[in-house]
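Okay, thanks for coming, everyone. I'll put the structure up and then walk you through a few places in it.

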Amino acid sequence: MHQEAESEGAVADVRKTVVEFEDKSVRWFMWASIIWSIVAMLAGVMAAFQLRWWELNGAFLADVTGFLHNIGLKFIPVFDPKGVEYITFGRLRPLHTNAAIFAFVGNMIFAGVYHSTQRLCKTRTASKVLTWIHFWGWQTIIVLAAITLLAGFTRGQEYAELIWPINLLVVVIWVIFAWNFFWTLKRRNEPSLYVALWFYIATIVTVAMLYIVNHLSIPTSLIHSYPVFGGVQGALVQWWYGHNAVAFFLTTPILGIMYYYLPKAAQRPVYSYRLSIVHFWSLVFIYIWAGPHHLLNTALPTWLQYLGTFFSLMLWAPSWGGMLNGLLTLRGAWDKLRTDPVIKFFVVALTFYGMSTFEGPLLSIPAVSALAHYTDWIVGHVHSGTLGWNGFMAAGLFYWLAPRLYGRDLYSKAAANAHFWIGLIGILFYVGSMWVAGIMQGLMLNGLNEAGTMLREPDFVKTVSAIKHLYLLRGIGGVLYVAGFLIMVWNLFMTMKKGSPKVETREYVIPVKLKKDDMGIKITFWNDPVLFFFIALLFLIGWIFLPNGLNFGSLGCFLLFILFTIQRFKQYHQKWTFWYERLLDNYMPFTILTFIAVAVGGVSQIVPLVAINQAETMEDRIQVPYTPLELEGRDIYVAEGCYNCHSQMIRTMMSDVLRYGDYNRMGESIYDHPFQWGSKRTGLDLAREGGKRPDSWHYDHMLDPRTTEGSIMPDYSWLYEKDTDYKSLPKKIDVQVKLGVPYEKMTADVIIDNARKQAFDIAQGLRDEGRNAEPDKQIIALIAYLQKIGTYEEVKKEKEEVKPGERPSTPLFDSPDKRRERLIENPEY
């Protein structure tokens, strides 16, 4: 609501505007975040304890519900002691991650964005209707996600598990949020965009780009689809999305919130405006390139692995620049750290941000990644950022907002301080135990004898048993953290109860003719900062893609041009400053340049790999497509969330090769939609599982994993009772053909008959070994898939003729081992 009146006196070119802020939606987003945070954390605690006690996947609950039923509570259903399919670790973990990211942090972001944007723009949110569509739409997405994930409906990719109808709804609601936000910017009464708004803009445009590209799928039914990208291509796109979901959903909007609320809480201006400029542009440009560091030592092309490491190491500078800018904002106000719980939470959150952004680049170093990847060290790293950075920033924000939203002081500062210390101890328990567990397991898994020819610990299960006590410590840390948040829930509820919703109004004096949003295309792009950026980028891309010799020439030109740019800035810094200040008065050119800065990295990585990830370009091995029954078994594997504990990627490391078999080539997963390389090994890598054990072993193991001593895997008894969905196979095969899988033409009847015949043969073999196997049950399809994993054909290609004095060609997708093979064949290479 706006009330305007022309000012009195001699100054006739200004007007007074009274703005009544729309804070009801802020309150609702805040409480939605708080409620979902408890749900997400309880799911996480449950999943953590399931890794310590496998019985929590169902057997323990069966005992509890059976006891309650026996004492007279007949209305309580008794769970199956063999397992409860809806709460297994493989289904609960995706629920936990999605609830933590999109429900808890997502609603917290929206609360902060809607509250701060109105104040920074000196105007009310553009559309109340769009705001409430956004709110209820987002909560609907969360509820649908919880139901479908527990039911086993998933795309099988980390942080991207939601099925396609929900993904379409996510896109629609995100567009509504963006529309409302940019409409508010257009209506703003403050011409210059403050730092926080920069980060909000980067979040909105980049998350939209990442989400849409990574979730491109072809549906086979209302609840199932296959991702467009598969194999190594799918791995790259997934971790381009996965890494930058952390960057642009869990980092940039929280940084925007930090830049607004920390100075408000400290009553001090941001330490350095210039540092915030460097922080923003370097972060949004560099972050987008760093995704490949999640795939080091794998079948990903070598140049992409080096690229990911290079840009990840560069991230140290902007990340720590932002952290220091936040902490130094408290200069002259450090005494508030003793008395103000909001400052406590913000300072520790920034500290964890600094720790996480130091550890991330450290983990991108190939030697460190070889130790840490697939272990609990990565789990500890992720949670130091989520619990320490996101969780404590959320708590600080809520403790700051609640008194202002309800018109009274916080009900209990003592309780807020108790929350701080209990939560901090919980984080230290959690992260410390995972660091120790990860390093311990990494050393055990990678340890070789002195000759480097044998594993020191060949039994994988022993490496899990050795760290089970640390899983208990992790669970305790999680319980403490949840306890702290429950204290916050009580404290904020009492603040709300003792107060009442406050309607805040402010009066602003603004020019009648506000100079904003008048920057044309020519001045936006035809200037030194933008032109120099594109020229430097051209040299940088040349260094990446040009052949040997020319690439180093391009690198030299890049370095020389950087020196020239610095000199040019010193000479014309006033002109550059004037252009940037004008850019900040124009939200649309700023948004376009931000989008270009983040899009360049994705295009430079993904497009070349799209061109080469084809069967005819594979040099040594090509995957054998799945039969219809094996494809159905793979979908069951994905639905049960097996990728949460099992990888399917043997790295180019001696310890991996000795433990699992020959390292994986790029062509061995080319038809996998979705790829299943995994990111954590709580169980064995399965890339060479096919044909290693008899069908009867898999049949017994899935029914009772305790047949393998020390296994913490849950039972999957329902797979022996649920029927295989043969009717869906024709549509699935049709979609696979569209995705490039070379199936022969088959009618629907032939596809179904093929699957039934293979199922009958497997079941008959099991019956011959004394198992009462039924051919139409899901366990048979799953066994068919497990026995197919790792099956490939050798690709025969003519040997390249190299004339004396010439070097052989060096494809961009050469693996390190392929390069060594080329070197042996031709020393001049």
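Let's start with a pocket, the second largest one: helix α26 gives the largest share of its lining, four residues. Keep in mind throughout that this is a predicted model. Helix α26 covers residues 695-703, and it's among the helices that each supply at least two lining residues here, along with α1, α3, α17, α25 and α29. In total, 39 residues line this second largest pocket. If you want to find the middle on your screen, look for His-646, Gly-683, Leu-684, His-701 and Met-713, which lie nearest its centre. The space inside comes to about 780 Å³. And the lining is a mix: 20 nonpolar residues, 12 polar and seven charged.

Now for the largest pocket. How much space lies in there? About 1500 Å³. Its lining is made up of 35 residues, and nearest the centre you'll find Ile-277, Val-278, Trp-281, Pro-529 and Trp-576. As for what kind of residues they are, we have 29 nonpolar, four polar and two charged in this lining. The helices that each put in at least two residues are α9, α10, α20, α21, α22 and α23.

Let me stay with two of those helices for a bit. Take α10 first, because there's a residue in there I'd like you to click on. Phe-311 is found in helix α10. Is Phe-311 buried or exposed? Its relative accessibility is 1%, and the cut-off for buried is under 20%, so Phe-311 counts as buried. Leaving out residues up to four places away in sequence, Phe-311 touches Phe-285, Ile-286, Trp-289, Ala-290 and Leu-540. To get a feel for scale, compare Phe-311 with Leu-729: they're 418 residues apart in sequence, and their C-alpha atoms are 43 Å apart in space.

The other one is α9, and here I'd like to show you how it packs. The axes of α8, residues 252-266, and α9 come within 12 Å and cross at roughly 170°. Angles over 145 degrees count as roughly antiparallel, so that is what we call α8 and α9. On the α8 side we have Thr-252, Leu-255 and Tyr-259, and they meet Ser-276, His-279 and Leu-283 in α9. The residues in that contact split into three nonpolar, three polar and no charged.

Here's another helix pair. Helix α11, residues 316-328, packs with helix α13, residues 341-363, at an angle of about 170°, with the axes 9 Å apart. That makes this pair roughly antiparallel too. The contact includes Trp-316, Trp-320 and Met-323 from α11, with Tyr-353, Phe-358 and Leu-362 among the residues from α13. In this contact, 10 residues are nonpolar, four are polar and none are charged.

Last stop, two residues with some access to the outside. Arg-338 lies in helix α12, residues 336-339. With 65% relative accessibility, Arg-338 counts as exposed. From the C-alpha atom of Arg-338 to that of Leu-550, 212 residues along the chain, the separation is 58 Å. Then there's Asp-459, in the loop between α16 and α17. Asp-459 has a relative accessible area of 34%, so it's partly exposed. Its C-alpha is 45 Å from that of Lys-745, with the two positions 286 residues apart in sequence numbering.

That's my tour, and I'm happy to go back to any of these spots.

Methods
Residues are numbered from 1 along each chain as its sequence is written. This is a predicted model: local features need pLDDT of at least 70, side-chain atom pairs count only at pLDDT 80 or more; totals for chains, interfaces and linings use all residues. Side-chain values use heavy atoms; hydrogens and water are left out. On a 1 Å grid over the protein atoms alone, a cavity is a set of points where a 1.4 Å probe fits but cannot get out, and a pocket is an open set with protein on both sides within 12 Å along at least five of seven lines; lining residues have an atom within 4 Å of a point. Grid points are joined across faces, edges and corners, and a volume is the space filled by probe spheres set on the points. Ala, Val, Leu, Ile, Met, Phe, Trp, Tyr, Cys and Pro count as nonpolar, Asp, Glu, Lys and Arg as charged, and the others, Gly among them, as polar. Buried means under 20% relative accessible area, exposed over 50%, partly exposed in between (1.4 Å probe, protein chains only). Axes are lines fitted to C-alpha atoms, for helices over the stretch in contact, and angles run from 0 to 180 degrees between N-to-C directions. Angles under 35 degrees count as roughly parallel, over 145 as roughly antiparallel, 65 to 115 as roughly perpendicular and the rest as oblique. Contact means heavy atoms within 4.5 Å.
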